[in-house]
Amino acid sequence: MRMKQIIYADNAATTELDMIAFEAMKPLLLNEYGNASQPYSFGRSARQAVKEARQQIAACIGAQEHEVFFTSCGTESDNWVLNCFSNCESKKLIITSCIEHHAILKPCEAMPRSTKVVQLPVNRLGEISCNDLEKTLERELNHADYSGNVLVSIMYANNEIGTIQPIKELSQIAHSHGALFHTDAVQAVGHVSIDVKDLDVDFLSASAHKFNGPKGIGFLFVKQGIPFHPMIYGGAQESKMRAGTENVASIVGMSVALKNNTDEIAKNADSIHNLEKRLIERIEEANLDFVRNGSLNHVPGNVNLSFKNSDGEMILHRLDLKGICISTGSACDSINTQVSHVIKAIGVPDDYSRGTIRVSLGKNNTLEEIDAIADAIISIFKRNRVINADMT
Ligand code: PLP
């Protein structure tokens, strides 16, 4: 059965699998299905495929091969860092932000009482201030003795509004106070250049389905020498840090997709920027009353808009009827119709916040699609105006 023609503009939720990644996965699923832990040559070729994928991923982010651990998704990578940090009884401190993904916020809520969690605020653009981190660390470390058990976890780029944080500076501040630094880079990897050595982060989370790789696979970068506990126990896979037979095909698909996107980061960012510009121009020309959320320094393609006296859910469903996929807040909680924690945190005025949508464009979107999205949004508002006028 063929799917009806859709315009996919929800690339922050997930992305289309690159054909080149799919082609690389196919033989591993169909023919070369040996267990990577087995000593015979059929297993050895799977093991070699995993090794080469790890090398390729490490090269894409400036890491060493043994610093890359495969996981099942970004959520698992985030949970691994937080849980491993909290797994002994001594007093701990986690400093994070109020606009993190639930993959960070929920495990923080579940921390034992011995772990104190502090959330940093953001400004109207969704930016975290280095000064706030500095002051928070000074205040907390003066107040209690955490014996070096301090973790700062700040996302690289926000999934709702796209704002990119000053990760290198934040990491330096954390380190200067003896804290470890983790960044949830799920929205950034494959879309902006990342060099973990230059950023000097201790941990970095990523997820393949956000950069045109397969779903159900991700990775965690762990800087060499950083104290770290296994995710799950069992076999000797992932240097005994995450047991379980490797998802060889997905690991390979992820490495091919990441290399493909990394090679084309500047070209993709350029063309996506033009699409964004066109969408904003078209909506502005139509004189719709809206604000654009997020910082100018954002992940390519993230267009978060709040329309005055509107309803994001209504816009989403009307666009859906026209075959256009967008999101209202975070895709992960699209069942939830409340204004998201991110839109609240950046202080979008009440008469705009309920009318928030996120259009997230990707490398496969075209100018024709942007025009169709703009036409559809404009027609929703024009139609609403007519209905409202009829009723008065
Ligand atoms: N972190 C961020 C910033 C995200 O945007 C997402 C997914 O939307 C995740 C973590 C979770 O990633 P995954 O879907 O791979 O579990």
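Let me start with one pair of residues: valine 291 stands opposite serine 306, which belongs to strand 10. Before going further I should say that what we are looking at is a predicted model. The pair sits where strand 9 and strand 10, residues 302-307, run beside each other in the antiparallel sense, joined over four bridges.

These two strands belong to an open sheet of three strands, ordered 9-10-12, in which the pairing is antiparallel. Its edges are strand 9, residues 290-293, and strand 12, residues 356-360, each of which pairs on one side only. On average, and ignoring direction, neighbouring strands of this sheet are turned by 25° against each other. Packed on the sheet is helix 9, residues 265-285, which touches strand 9, strand 10 and strand 12, and whose direction makes about 15° with that of strand 10.

Now to the other sheet. Here seven strands form an open arrangement in the order 2-8-7-6-5-3-4, and the pairing is mixed. The edge positions are taken by strand 2, at 68-71, and strand 4, at 115-120, each pairing on one side only. Neighbouring strands are turned by 20° against each other on average, again with direction ignored. As one example of the pairing within this sheet, strand 3, residues 92-97, and strand 5, residues 150-153, run parallel and are joined by three bridges; isoleucine 94 has leucine 151 of strand 5 as its bridge partner. Helix 3, residues 74-85, packs on this sheet and touches strand 2, strand 3, strand 5, strand 6 at 180-184, strand 7 at 203-207 and strand 8 at 218-222, while its direction makes about 155° with that of strand 7.

Helix 3 also brings us to the ligand, for this helix gives the most to the surrounding shell, with three residues. In total 14 residues surround the ligand, and the closest are Thr75, Asp184, Gln187, Ser207 and Lys210. What is the make-up of that shell by class? It has four nonpolar, seven polar and three charged residues.

Turning to individual distances, a side-chain N or O atom of threonine 75 is 2.6 Å from an oxygen atom of the ligand. For glutamine 187, a polar side-chain atom lies 2.8 Å from a ligand oxygen atom, and for serine 207 the distance between an N or O atom of the side chain and an oxygen atom of the ligand is 2.5 Å. As for how much of the ligand is covered, taken alone it exposes 390 Å², and the protein buries 92% of that.

Technical notes
Residues numbered from 1 in each chain as written. Predicted model: local features only at pLDDT ≥ 70, side-chain atom pairs only at ≥ 80, totals over all residues. Heavy atoms only, no water. Pairing = 2+ DSSP bridges. Axes fitted to C-alpha atoms, helices over the stretch in contact; angles between N-to-C directions. Contact = heavy atoms within 4.5 Å. Near = heavy atom within 4 Å. Polar contact = N/O pair within 3.5 Å; in protein donor to acceptor, adjacent residues only side chain to side chain. Areas by Shrake-Rupley, 256 points an atom, 1.4 Å probe, with all protein chains shown as cover. Nonpolar A, V, L, I, M, F, W, Y, C, P; charged D, E, K, R; others polar.
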